[in-house]
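Trainee: I would like a close look at a single part of this model. Could you take me through it slowly, and explain each term as you reach it?

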Amino acid sequence: MGLSRRIADVDRRLLGLGLAALGMLTCAVVCLGGLLVTVLNTSPAIPLTLIVEGTGYQVRSHAQTVGATLKEFGISLNEGDSVSPPLDAALKSEMVIRLDRARIVTVIVDGSPQVVYTTYSNPMDILQQADIEVNPNDQITIDGTQTQINDLLVWPVPVNAIDIQRAMLVTIVDGDQTTTVETTASTIGQALFEAGITLYLADKVTPELNEQVTANLHVDIHRSQPISIVADGVTLETRTQGSTVQDALVGAGVTLVGLDYAIPTETSLLQAGMTIRIIRVNEIIEVEQSVVPFETVFQPDNTLELDQERVIQEGQNGVTGTNVRVRYENGIEVSRTAEENNVAKDPINRVIAYGTNIVLRTIDTPDGPKEYWRILRMYTTSYHPAALGGDDVTATGRKLTKGVVGIDPKIIPYGSQVYVAGYGVGVAADTGGPRKFKLWIDLGYDDSNWISWSKYTDVYLLTPVPPNVRYILPE
């Protein structure tokens, strides 16, 4: 049977009996569906309004106090229930008694839960009842929804669970800048992120980022230096905690192999914004071959007649191999250094035998037979004093006239007699400057009988044979 029906039944019975019918009874016990209601008949019934959990009932009670009235109607109280007026308040006619049943609300502060029995539905009222203060930087979660302290007073629905994470004071020293923040983050890394502090991978944070935030925590940030590393055709923008170029390369995982080197050098001190260039060095040994030309060697042969030659041995070029160290830096050749020569094949000289056998012969001339020992094919020219500006004195002091010829004394010695067909016999008594022809002769004339010569002619060297014969003539 509901509370409202039980109260109505008790009220009707009391009214039906009346005080006169009760007589000498000190009390009457009425059983309503198991609810025992003791009705005192020594005092008049007081009309009042009883509101239980928002529902109002018009009743009459013979109790003296609010608490006794609740007991009169079998209404028990639980922890946290709210009764107004207080239980010990004296009952008055037309009094309104309100009973609000308490709800269970779970409140968690920094991970520690507690149960609050409350008649309030607003989170701020509940926290005040539990004597729990919240600060603007605390993290507040209502029934799984994170909210702000300003929203607590206007929370639209009854609350069942409140979770509060207290903000803790953290001091952050970032180089020469010190910042103090209040945070509800669980780790140092989260706290720095919430504070808007950007970290680089090489930055060093003490304590470490994954450590828990504690009250009055002191965090030091040691910033890394930004540098650029140019290696293998790629520019790497990175940061480092090191103090030298070598430290930066190790931190970036860039290795120097063999002859590789860095600019600046590995021992150089780092500076913020520095660019480090890696020079990849590769050296190879190449073998460069070159021809070693053979030489022509002449050797006398008395079985051969003068001015005859015979090849005894053909010449062959040799080959020399030179080890050349070729250095490449970043794929570009920068140097070649010859290190060692090896003769792969020796040259073979060409050997030519030249004749030394002088055979005397004669030639018929207009002046009779002439004995000669050599015939030379020579380019023949002629000259006379007027062509020399009137100078008619030869190199040997003789007068320039017909019968005096100019020669190369290294080929035809001074004083030798020659015969030239169409000129006659001449004495080698003069010479001249360098000619473009190796074998030449200049026929001398007087001004009155000069004849121009300009052709190749056979020149007969007449006996006697000079003591020093030039067996090998220029080509």
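Mentor: Let us start with a pocket: the largest one has a volume of about 260 Å³, where volume is the space filled by probe spheres set on grid points that are joined across faces, edges and corners. The model is a predicted one, in which local features need pLDDT of at least 70 and side-chain atom pairs count only at pLDDT 80 or more, while totals for chains, interfaces and linings use all residues. Residues are numbered from 1 along each chain as its sequence is written, and side-chain values use heavy atoms, with hydrogens and water left out.

A pocket here is an open set of points on a 1 Å grid over the protein atoms alone, where a 1.4 Å probe fits and protein lies on both sides within 12 Å along at least five of seven lines; a lining residue has an atom within 4 Å of a point. By that rule 15 residues line the largest pocket, and those nearest its centre are Leu306, Asp307, Arg374, Ile375 and Leu376. The lining divides into 9 nonpolar, no polar and 6 charged residues, where Ala, Val, Leu, Ile, Met, Phe, Trp, Tyr, Cys and Pro count as nonpolar, Asp, Glu, Lys and Arg as charged, and the others, Gly among them, as polar.

Strand 27, residues 370–383, gives the most to this lining, with 5 residues; strands are DSSP runs of E, at least two residues long, numbered from the N terminus. This strand also leads us to the aromatic rings. The model has 7 aromatic pairs, a pair being two rings of Phe, Tyr or Trp (its six-membered ring) with centres within 6.5 Å, called stacked if the planes are under 30 degrees apart, edge-to-face if over 60 and tilted otherwise. One of them joins Tyr372 and Tyr460 edge-to-face, at 4.9 Å centre to centre and 75° between the planes. Because Tyr372 lies in strand 27 and Tyr460 in strand 32 (residues 454–462), this pair ties together parts that are 88 residues apart in sequence. Tyr372 is buried at 10% relative accessible area, and Tyr460 is buried at 14%, where buried means under 20%, exposed over 50% and partly exposed in between (1.4 Å probe, protein chains only).

A further pair is formed by Tyr379 and Tyr456, whose ring centres are 5.1 Å apart with planes at 80°, so it is edge-to-face. Tyr379 lies in strand 27 and Tyr456 in strand 32, so this contact ties together parts 77 residues apart in sequence. Tyr379 is buried at 17%, whereas Tyr456 is partly exposed at 43%. Finally, Tyr372, Tyr419 and Tyr460 form one aromatic cluster.

Note on methods:
Helices (H or I, at least four residues) and strands (E, at least two) are DSSP runs, numbered from the N terminus.
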